[in-house]
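Hi everyone, thanks for making time this morning. I'd like to walk you through one structure and how its side chains pack and pair.

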Amino acid sequence: AEAIGLYNLGQSCCLNSLLQVFLMNIRFTRILRRITVPSSPAQRRSNVPYQMLLLLEKMQCGKCKAVGPTDLACCLAEHRVEFFVQHDAAQLFLTLWNLLKKQMKKPELVEELSDLYTICIQEHLACQKCSFEIKSNSTMLTLPLPVLDANSHRLKTLEDCLQYFFQPEQLTGQNMCFCQQCGRKATFLQSMKLVHLPQTLTLHLKRFCFERSSCTYKLSHSLPFPQELDLRELLTANQCLADDSEKASWQYELFAVVAHSGSISYGHYCAYIHSLTECKWYCFNDSQVCQVSWDDVKCTYGHSNLCWRETAYLLFYMKKHPQ
């Protein structure tokens, strides 16, 4: 099936970009095709996985260059995902994912969906005065990567952002934690350790800066990201809690980029996706779809002087050798 566009229903470019990233992922569509069809018409109308499946089938019948995701958008509106408003791609991605997970009834499909996207991390808090420590496991759908360090200096590459994210941090001053062993507040060392990485790894570049003065602006400086990403080389041994067979699969290649252009209030999203069947890059800009080169994708690295230009916001990497 060739790449098919999605008509813009009025500020639906964010939704359209994310739908393309989901539906171009063969592993996702394999799960989607096995869902249980809801029994009543009302249930079918409000079931996100089912409406997504109908849209996929409409896109694959290949009669037109673009289709309208109207039924799916109406279905999402029932779940308080509004039309005609600016969405943030990272938030909308989480919302869609949660709806999919909640409405896929078969436990084995929910599990496969989780395996496909969920990152497992252990957060580690250690008191710097005594031996007290707290460990807690958590799952994340995306790694929210800062593009600036603590001193507001720009991080230069995606690899720098990842290393910075996993760097241990001293919690001092107002951030001190209560230590049960010392019986008072103390300085803690907070660190994150990777336990498990999914088949499709989603990285969220935190380019939108929320100031206390309630003014939000976009950080559009250049931030290169590689086509191939090896997380075994990037992270140190004490940043991982994974065995060798888990780590062996931590080699990734770039599958998709959701890019944002314009300002915070008048923005536009499009998606660059590497077709897994044809091994070509495509740009999905609502109803317009065209083949592009890796150089075109690199244009989304960003540029300090051109804030309104297109910059990568979500990066989707896929395992090269899944287990």
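I'll start with one helix, then move to the cores, the aromatic rings and the salt bridges.

A word on where the values come from: this is a predicted model, where local features need pLDDT of at least 70, side-chain atom pairs count only at pLDDT 80 or more, and totals for chains, interfaces and linings use all residues. Residues are numbered from 1 along each chain as its sequence is written, and side-chain values use heavy atoms, with hydrogens and water left out.

Let's look at helix H7, residues 107–117. Helices here are DSSP runs of H or I with at least four residues, strands are runs of E with at least two, and both are numbered from the N terminus. Which residues of H7 are buried? They are Leu109, Val110, Leu113, Ser114, Leu116 and Tyr117. Buried means under 20% relative accessible area, exposed means over 50%, and partly exposed is in between, with a 1.4 Å probe and protein chains only. Looking down the axis of H7, the buried residues fall within an arc of 160°, so they line one face of the helix; the arc is taken from the directions from the helix axis to the C-beta atoms. On the face turned away from that buried side sit the exposed residues Pro107 and Glu111. The cover over the buried residues of H7 includes helices H1, H2 and H6 and strands S3, S4 and S10, where contact means heavy atoms within 4.5 Å.

Tyr117 leads us on to the cores. The largest nonpolar core has 56 residues, and those with the most contacts inside it are Phe28, Met52, Met104, Tyr117, Val258 and Leu314. By nonpolar core I mean a set of buried Ala, Val, Leu, Ile, Met, Phe, Trp, Tyr and Cys residues joined through side-chain atoms within 4.5 Å. This core draws at least three residues from each of domain 1 (1–118) and domain 2 (142–166 + 199–322), with bounds from an automatic or database domain assignment. Apart from it lies another core, of 45 residues, including Leu229 and Cys240. Back in the largest core, leaving out residues up to four places away in sequence, Leu314 touches Leu18, Phe93 and Val258, among others.

Now the rings: the whole structure has 14 aromatic pairs. Rings of Phe, Tyr and Trp (its six-membered ring) pair if their centres lie within 6.5 Å; planes under 30 degrees apart are stacked, over 60 edge-to-face, and the rest tilted. Phe93 and Tyr117 are edge-to-face, at 6.1 Å centre to centre and 70° between the planes. Phe93 lies in H6 and Tyr117 in H7, so this pair ties together parts 24 residues apart in sequence. Phe93 is buried at 1%, and Tyr117 is buried at 2%. Both belong to an aromatic cluster with Phe22, Phe28, Trp97 and Phe316.

Finally, how many salt bridges does the structure hold? Five, each a side-chain nitrogen of Lys or Arg within 4 Å of a carboxyl oxygen of Asp or Glu. One of them brings us back to H7: Glu112 meets Arg34 at 2.7 Å, N to O. Glu112 is in H7 and Arg34 in the loop between H2 and H3, 78 residues apart. Glu112 is partly exposed at 29%, and Arg34 is partly exposed at 37%. Asp295 and Lys298 form another bridge, at 3.4 Å; being three residues apart in helix H11, they are separated by about one helical turn.
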